[in-house]
Structure formats: structure tokens, C-alpha cells
Amino acid sequence: MSTGVGFEVAEYERRLARAQTLMREAGLDCLLLTTEPEFRYFSGFRSDFWLSPTRPWYLVVPAAGKPVAVVPSIGLAALSATWLDDVRDWPAPRPADDGLDLLGETLREVCTGARRVGVPMGHETHVRMPLADFDALRASHASLAFVDATEVVRALRMIKSEAEIDKIRRVCQCASDAFENLSSLLVTGITEDEAFRRFRIELLRRGVENTPYLVGASGPDGADDMIKPPSTRELSAGDVLILDTGSVIDGYYCDFDRNYAFGAPSAAVRRAYEVVYSATEAGLAAARPGATTAQLWAAMAKVLSEGGSQGNAIGRLGHGLGMQLTEWPSNMPGDDTVLQPGMVLTLEPGMLFADGRMMLHEENLVVREDGAELLTRRAPEEIYVIED
């Protein structure tokens with residue numbers, strides 16, 4: 001298993017070659033990429049500076065040759081240290097012309113032929129530049145046709161290389177370690193926010209670089225709202241706590257949860273846990289090349305329904321995973337994405353089993369030729385119990 005930072009140049013060369021093949025098939029003469037994951041996917045550039053919305057960053061991927069970066073001058077040194085050869089900069093922030101003229105010149109130079117510029121425009125994408133600038137770019141370059149490149153980018157990023165899978169496996173194992181040790185750190189009487197804090201510290205202690213996503217819920221005999229901030233309520237006997245983490249190592253995420261009962265769980269809690277565990281088993285069995293994400297959803301949904309589920313407000317039963325906490329595709333009706341080897345997915349069966357009470361279970365896997373390979377360590381068959 002690789003534990004290094006970043007990738008060898010050959011990884012980026014393979015990504016570029018695959019992208020250019022797909023671009024030719026789609027009739028695209030270049031890609032214009034503005035968001036952090038796509039920029040990093042082709043360049044290898046990682047920085048928390050993306051958290052600042054002040055400056056736009058651009059990457060132009062031509063139909064032939066290496067990508068060209070058009071970046072604020074503050075990023076020149078870092079980008080020049082990547083495998084890229086052509087890095088163009090301007091002294092940002094400069095609201096009157098924040099790199100727009102330089103970007104336009106680059107596109108006119110690089111994008112030849114029919115001059116079709118691919119930009120991701122579909123579901124789960126966005127353009128990370130001022131909308132007024134994007135409108136001005138299109139209006140002032142009538143010779144360039146800006147078209148949707150969502151399917152090209154999806155096709156590239158849905159199938160992970162072994163080097164990418166190694167990174168996801170590593171963060172999954174670190175988080176698994178933290179979840180397994182958390183039972184020794186939780187006690188009846190601590191507050192919900194203290195439980196979150198202890199878990200976050202344990203994740204860092206176990207080797208994750210960051211935990212940008214940590215949600216959960218607790219309540220008597222079951223959890224309620226999974227996405228609200230942790231409260232100051234004390235955890236007492238009869239409570240169930242669900243913690244769900246998206247932690248990161250070297251720019252790649254895990255995303256899974258575990259459930260903890262404070263004191264002996266009720267029969268309803270034990271039954272709900274058994275159902276979501278069984279639904280996950282059904283999902284693992286169904287996650288084979290050639291199946292669709294809709295079929296994967298159906299396999300899990302059948303178990304949940306037969307187990308007495310009163311519904312699921314999440315809207316899907318898992319999703320893609322990688323450089324972002326959630327990626328394409330979704331395990332849901334109507335998403336007929338065909339599973340292929342190298343796809344990394346979450347299985348996330350959840351159910352309301354009583355009024356306002358839910359049980360949620362999640363694992364991370366990679367699709368292999370012969371079926372699913374777990375990247376997380378499987379949750380225990382019975383819920384974790386925190387003794388008084």
C-alpha cells in the first residue's frame with residue numbers, strides 16, 4: 001500500500017491520455033476546469049488556499065499536449081513544482097480583470113479546430129469563477145463554443161486507479177481504527193458535542209490529515225436529525241449515537257458511520273440495527289460489474305422494506321466516493337449507471353424504524369471483477385454498547 005503524498009508523473013500522464021481520448025470521442029477541443037477536484041486531478045496541485053473565494057484558478061486541458069494552468073501569481077511557485085510545464089499567472093486579486101484576458105488568450109491559443117470548449121455544467125458541478133466573468137468570457141469570444149463536458153469528467157473520475165484506491169483504503173482503515181477505539185472513549189453522561197470532539201481527536205491521532213465532515217445524531221432509543229450540529233445534551237442510558245465521518249488523507253475521502261448504544265439497547269434498536277446490517281450485506285452481494293446503481297439500491301431497499309422501514313429522508317442508499325465526499329453516481333431509482341471495476345462506492349442503507357427515529361449504516365467498497373472489496377473494516381454484527 002502506498003503511503004506517499006501525491007502520485008508519480010505516470011499517473012497524471014495516464015489521466016491526460018484517457019481524457020484526450022474521451023475528448024476526441026465527444027468532439028471537444030479543450031476542457032476549461034475551474035474547481036479544486038478537477039484542477040487537482042490533472043495537475044496534482046493541493047492547497048487549502050482553495051478555501052478562499054477571492055481568487056479564481058483555471059486549468060485548460062488541450063486535445064493534444066499537457067494542461068496549461070492560468071493562476072493567481074500567489075500560486076506560481078507551487079504550480080511550477082508540479083508536472084506541468086506551462087503556468088501563466090496574473091497579480092490577483094484584480095477585480096477589473098481577474099485573469100479573464102489571460103484566460104481568453106490561452107483558450108484562443110490552445111483550443112483549435114472547431115474550438116469547442118468543454119466545461120462541466122451538469123448535476124453536481126459548478127463553475128468556480130464569478131458568473132459575470134463567465135458570461136463576459138463567452139460573450140467576448142464568439143469563436144469559442146462553450147459546451148457541457150460533464151460526461152467526460154464523470155467517466156474519468158468514476159473509475160479509480162489502484163494508486164487512488166490505495167489512498168481511499170488508507171483513510172478508511174485509519175477511520176476504522178478510530179471507530180473501533182471510540183467505545184473506550186465514550187461514557188454515559190458526556191455531552192453530544194464532547195463525543196464529537198473526542199472522536200475528531202481520535203481520528204487525527206489515528207492518522208487522518210483532516211476531518212472536514214463529521215455529522216451525527218443521538219436520541220432516546222434512536223437518533224433523529226443527522227445533519228444538525230451536535231448539541232450540549234447529555235448522553236444517557238437508552239440513547240443511541242450515530243457518528244458519520246468524511247475524513248481525508250492526501251486529498252481522498254472516506255465516508256462511513258457507526259452506531260453506539262448507551263446501555264443495553266432496546267429490542268427495537270437491536271432489530272433496526274439487524275435490518276440495516278442485512279441491507280448492507282445485500283448491497284455488498286449486488287455490487288458486481290454489470291449491475292446498475294438502481295439495482296444496487298433495489299437490493300438494499302427490499303431488505304429495508306421487508307424489515308419494517310417507515311421511510312428514508314436521505315433520498316438514496318449510497319454514492320460514489322473519492323476526491324470529494326460524495327461523487328457520481330447515486331444508488332437510487334432512475335440512476336442506471338453500470339458498475340465497473342475500479343468504481344469506489346458507499347453503501348448507505350438507512351431507515352426510520354419508529355416515530356422520528358432512524359438507524360443508518362454505511363460502508364465503503366471498490367468494485368472488482370469478482371464483486372465488492374471492502375475498504376472499511378466491516379461494522380460489528382451487533383451494535384456497539386457503551387456500558388454504564
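A cavity, in the sense used here, is a set of grid points inside the protein where a 1.4 Å probe fits but cannot get out. Keep that in mind as we walk through this structure, which is a predicted model.

Let's start with the enclosed spaces. There are two cavities of 30 Å³ or more. The second largest cavity has a volume of about 40 Å³, and its walls are formed by Ser176, Phe179, Glu180, Phe256, Arg258, Arg377, Arg378, Ala379, Pro380 and Tyr384. Helix H7 and strand E10 (256-262) each give two or more residues to this lining, with H7 providing the largest share, three residues. Sorted by class, the lining has five nonpolar, one polar and four charged residues.

The largest cavity holds about 50 Å³ of space. Around the largest cavity sit Gly311, Asn312, Ala313, Ile314, Gly350, Met351, Leu352, Met358, Met359 and Leu360. Two strands, E14 (350-354) and E15 (357-360), are the elements that give two or more residues here. Seven of the lining residues are nonpolar and three are polar, with no charged ones.

Now back to H7, which spans residues 162-182 and has helix H8 (residues 192-205) as a partner. Their axes come within 8 Å and cross at roughly 135 degrees, so the two helices are oblique to each other. The crossing of H7 and H8 is right-handed. On the H7 side, Ala175, Ala178, Phe179, Asn181 and Leu182 take part, meeting Phe199, Glu202, Leu203 and Arg205 of H8. That contact comprises six nonpolar, one polar and two charged residues. You may recognise Phe179, which also lines the second largest cavity.

From here, turn to the largest pocket, with about 800 Å³ of space. It is lined by 32 residues, and Glu36, Pro37, Arg40, Tyr253 and Met323 lie nearest its centre. Among the elements giving two or more residues to this lining are helix H2 (36-43), helix H6 (150-158) and strand E7 (210-220). The largest share, four residues, comes from H2. By class, the pocket lining has 13 nonpolar, nine polar and ten charged residues.

H2 and H6 also pack against each other, at an angle of about 60 degrees and with their axes 12 Å apart. That angle makes H2 oblique to H6, and their crossing is left-handed. Pro37, Glu38, Tyr41 and Phe42 of H2 make the contact with Val153, Leu156 and Arg157 of H6. This contact has five nonpolar and two charged residues, and no polar ones. Pro37 thus appears here as well as close to the pocket's centre, where it is one of the residues that lie nearest.

Technical notes: Residues numbered from 1 in each chain as written. Predicted model: local features only at pLDDT ≥ 70, side-chain atom pairs only at ≥ 80, totals over all residues. Heavy atoms only, no water. Axes fitted to C-alpha atoms, helices over the stretch in contact; angles between N-to-C directions. Parallel < 35°, antiparallel > 145°, perpendicular 65-115°, else oblique. Left-handed = near helix turned anticlockwise from the far one by under 90°. Contact = heavy atoms within 4.5 Å. Nonpolar A, V, L, I, M, F, W, Y, C, P; charged D, E, K, R; others polar. 1 Å grid on protein atoms, 1.4 Å probe; cavity = no way out; pocket = protein on both sides within 12 Å on 5 of 7 lines; lining within 4 Å. Points joined across faces, edges and corners; volume = space filled by probe spheres on them.
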